[in-house]
Amino acid sequence: MAKEITSREENYSQWYNDIIKKAGLADNSAVRGCMVIKPYGFAIWENMKAELDRMFKETGHVNAYFPLFIPKSFLSKEADHVEGFAKECAVVTHHRLMNNPDGSGVVVDPSSKLEEELIVRPTSETIIWNTYKDWIKSYRDLPLLINQWANVVRWEMRTRPFLRTTEFLWQEGHTAHATKDEAIAESRLIHDVYAKFAEEYMAMPVIQGSKSENERFAGAVETYTIEALMQDGKALQAGTSHFLGQNFAKAFDVKFSNDKNTEEHVWATSWGVSTRLVGGLIMTHSDDEGLVLPPKLAPYQVVIVPIPKPLPELMETIDKFEQELKDAGIRVLVDRDEKKRPGFKFAEYEMKGIPIRFGIGPRDLEKGQIEVARRDTKEKSAVAMEGIIAHAKQLLEEIQNNLFERAKNFRSEHYSSAETFDEFKEILEKKGGFIEAHWDGTVETELKIKEQTKATIRCIPLDAKQEEGKCILTGAPSKQKVIFAKSY
RNA sequence: CGGGGCGUAGCGCAGCCCGGUUAGCGCACCUGGUUUGGGACCAGGGGGUCGGAGGUUCGAAUCCUCUCGCCCCGACCA
């Protein structure tokens, strides 16, 4: 029935908001632009986090934690960096409140004004590089491979739950290296980790590429990105990994002595993914009936609904399956609610995107079978109780694969090539999606295209074939196609 | 910051134009009963500063002024 969810066709943004609300992922908060991540939504993030953390550690990184506040002066040490973030910083100017003399509550105590304002971190390059200065003296201190899980604040004009909130959760890796090549290799390594995570865990296909100068991270020499395609034909930048060159080392005077006792500036990378991924996950798979979650990240992979309710004669069997599923490493939820009827529960768990539902009633008990429903295709089938655990395990894999294939198909259907600007505009208007096209390589052209079409260069794909062509806007020569799209 | 919309019970809304007893409906909630294989039904019940302030009036959810907040679309951005 999908009660209360706006259809995608009717209003895509409303649909997105409905899913978040009805599936219990997040709420708006008392603070404009900030959301409350509810337990079910946070569980998805925790699963993402656990997997990413494992991948980072597997590739030699360790976690640390740096302060929330950054002295204002730090931010301005790297010129491009401050320019990129200055307009969206929350600033702490005082540290104390006092009772309002007129009795109307509390006011800022003017005598508590800070000598130097503190910035709530929009990203931590500056405070971290200020710290690295003390940590790095010799080539023996390198590489330094550190990640932190943190919250950051960017005072954006327009926010959307998960996709862009004033405060968001993320991880930010900050590494230091002795050579340029090593730093580039590091940023590429993480770029690959992100792509692998997106595709294998989120079942969200991505295009890997580098950013144009205009879209590059403030302070970076090169930004690598993974770009995903949402169901409304808009692209989502899902993760970025930056090669920072020696920009921050120079700004914070971080030098090391090499094995020939010569001083050199350190080479750096930084990389991050955020709670935005949850938004990407929602928009990649979900449908008009609610959330659809890939099994690998679903808080619960199987839900068992006793039909018509948790009768004692059913629960013995159900408790046994619950334990067996747990033992098999499957996250399972048993609905022991006495009051709600099965139909209600079915709709509820579809809304919440649980990949597999087991329905078990007296009839099933008699026949030694279980009604197995999969969320991705909505198919239902009767499966013998014997071997059900193995069946569930295999079905979870199948669902994971199916979601990825489905998303890949959608992307192929929304991946076009344009030779002329008219063609480009027509595709954008008719179906959106990614459009590959020749571009003359200049910022001016990119900005003009953006102005006329709202589309930007999502990335210069790493695997693009080299071919002679003409820029769709200016006709100037181009050596390869780049990928355009409207984006979030 | 521009353009549009909206603030009435936890949620979704009606009532407002055209002022008039005790502010209403659906869902949710509580109690009891009957039900239960795709969002059950009956009966009873609880819950409201009508976003806030000021004004007009015998009387304001309703009219006027100011104000606060939220949502959508855009500019900005992960």
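I will talk through how domain 1 and domain 3 of chain A meet in this predicted model. Residues are numbered from 1 along each chain as its sequence is written, and chains are lettered from A and ligands numbered from 1 in the order in which they are written. Because the model is predicted, local features need pLDDT of at least 70 and side-chain atom pairs count only at pLDDT 80 or more, while totals for chains, interfaces and linings use all residues; side-chain values use heavy atoms, with hydrogens and water left out.

Chain A is divided into domain 1 (2-285), domain 2 (302-395) and domain 3 (415-485), with bounds from an automatic or database domain assignment. The C-alpha centres of domain 1 and domain 3 lie 28 Å apart, and 19 residues of domain 1 are in contact with 17 residues of domain 3, contact meaning heavy atoms within 4.5 Å.

Between them, these two domains bury about 1400 Å², 63% of it on carbon and sulfur atoms, where buried area is the accessible area (1.4 Å probe) that two parts lose on being put together, summed over both. On the side of domain 1, Ile207, Ser212 and Asn214 lose the most area to domain 3, together 32% of what that side buries.

Turning to charges, there are 2 salt bridges between domain 1 and domain 3, each a side-chain nitrogen of Lys or Arg within 4 Å of a carboxyl oxygen of Asp or Glu. The side chains of Arg458 and Glu227 form a salt bridge at 3.2 Å, N to O.
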